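Reader: Could you take me on a close look at the salt bridges in this model, and at a buried spot beside them in the sequence? I would enjoy one connected account.

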Amino acid sequence: MSDPRTPTADRVGELTDRLAAVRERVAEACRAAGRDPSEVGLLAVTKTIPAADVAALVDLGLDAFAENRAQEAASKVDEVRALRPDASPDWFFVGGLQRNKVRTVLPWVTRIDSVDSPRLARAIDKEVAKARDAGERGGPLPVLVQYSVDGDADRGGVAPEGLVELTDLVTELPGLELAGLMAVAPLGWEPDAAFERIAEAHRETVGRHPGATVLSAGMSGDLESAIGHGSTVVRVGTALVGDRRIASE
Ligand SMILES: *Cc1c(COP(=O)(O)O)cnc(C)c1O
């Protein structure tokens, strides 16, 4: 696997154009919804691309990246740090997380966005306490609870009937801080119908836990609809990076 410090000029040009197009889509969706573009953060999902591409995105001004596999992420974060030592982007974890992988994620993660069970929440809390005892971490770790509007547990997310219990638990665990919800529009659903229900669940959550202001919803294919329903973070992969894959995958 070649690992140049920067991608080819062609690739940098492609990333530049794609980023401009994504920013324009976000801006246009905000205009249509009467929202200020500063209300909607852009989280670049870099799970399929090499560290050098991420470094190029850092050069283009992005500072928030998301990964969905603990192992791939840990080494990529290190590589990006080596490539751009002066940058300190935020890294988010958005994938299914096994409890025994929490330890792999904790050293680099800014926020875990895919907390979808009481067992996982407790496992994170335990690791945060260990890291605190070891002097490696200070305060609680911000997390999002991943919400599954159709209750399909196979694709991650807590089912609607479990949402209150899980968000209440997260606010009770000393090592965690509930920052909000993450959700995906289920396959086969009209995005508007899905994001309306998701926004409703988010409003209810904020009603119980006023600090849970983040709503991470919307991806390459449906970010306009999500922004129209109040999303505060869009997670964009394909539209930003293309469908390139890391050579080893
Ligand atoms: C891959 C992924 C995305 C990005 O999806 P695209 O359709 O490529 O924009 C967003 N959220 C999660 C949780 C993902 O795994």
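Author: Happy to; what follows goes through some charged pairs and then turns to a serine. Please keep in mind that this is a predicted model.

Let me start with the overall count: searching the whole structure gives 16 salt bridges. A good one to begin with joins the side chains of Glu 127 and Arg 103, with N and O 3.2 Å apart. Glu 127 belongs to helix α5 (residues 118–133) and Arg 103 to helix α4 (residues 102–105), so this pair ties together parts that are 24 residues apart in sequence. The two partners sit in contrasting surroundings: Glu 127 counts as buried, at 10% relative accessibility, while Arg 103 is exposed, with a relative accessible area of 55%.

Glu 127 has another charged partner. Its side chain also meets that of Lys 130 in a salt bridge, again listed at 3.2 Å from N to O. Here both residues are in helix α5, three residues apart, so about one helical turn separates them. Lys 130 is partly exposed, its relative accessible area being 43%. Taken together, Glu 127 pairs with Arg 103 and with Lys 130.

Elsewhere, salt bridges link up through shared partners: Arg 11, Glu 14, Arg 18 and Asp 53 are joined into one network in this way.

Now for a pair in which both residues are buried. Asp 113 forms a salt bridge with Arg 111, and their closest N and O atoms are 2.6 Å apart. Asp 113 has a relative accessible area of 0% and is buried. Arg 111, at 11% relative accessibility, counts as buried too, because the cut-off for that word is under 20%.

That brings us to the serine, Ser 114, which has its place in strand β4 (residues 111–115). Ser 114 counts as buried, with 1% relative accessibility. What does its side chain meet there? A polar atom of the Ser 114 side chain lies 2.7 Å from the backbone oxygen of Gly 95. Gly 95 also appears among the residues that Ser 114 touches, leaving aside those up to four places away in sequence. Phe 93 and Val 94 are on that list as well, along with Leu 120, Leu 144, Gln 146 and Met 182.

If you are following along in the viewer, Glu 127 with its partner Arg 103 is one place to look, and Ser 114 with Gly 95 is another.

Terms used. Residues are numbered from 1 along each chain as its sequence is written. This is a predicted model: local features need pLDDT of at least 70, side-chain atom pairs count only at pLDDT 80 or more; totals for chains, interfaces and linings use all residues. Side-chain values use heavy atoms; hydrogens and water are left out. A salt bridge is a side-chain nitrogen of Lys or Arg within 4 Å of a carboxyl oxygen of Asp or Glu. Helices (H or I, at least four residues) and strands (E, at least two) are DSSP runs, numbered from the N terminus. Buried means under 20% relative accessible area, exposed over 50%, partly exposed in between (1.4 Å probe, protein chains only). A polar contact is a pair of N or O atoms within 3.5 Å; within protein, one must be able to donate a hydrogen and the other to accept it, and residues adjacent in sequence count only if both atoms are side-chain atoms. Contact means heavy atoms within 4.5 Å.
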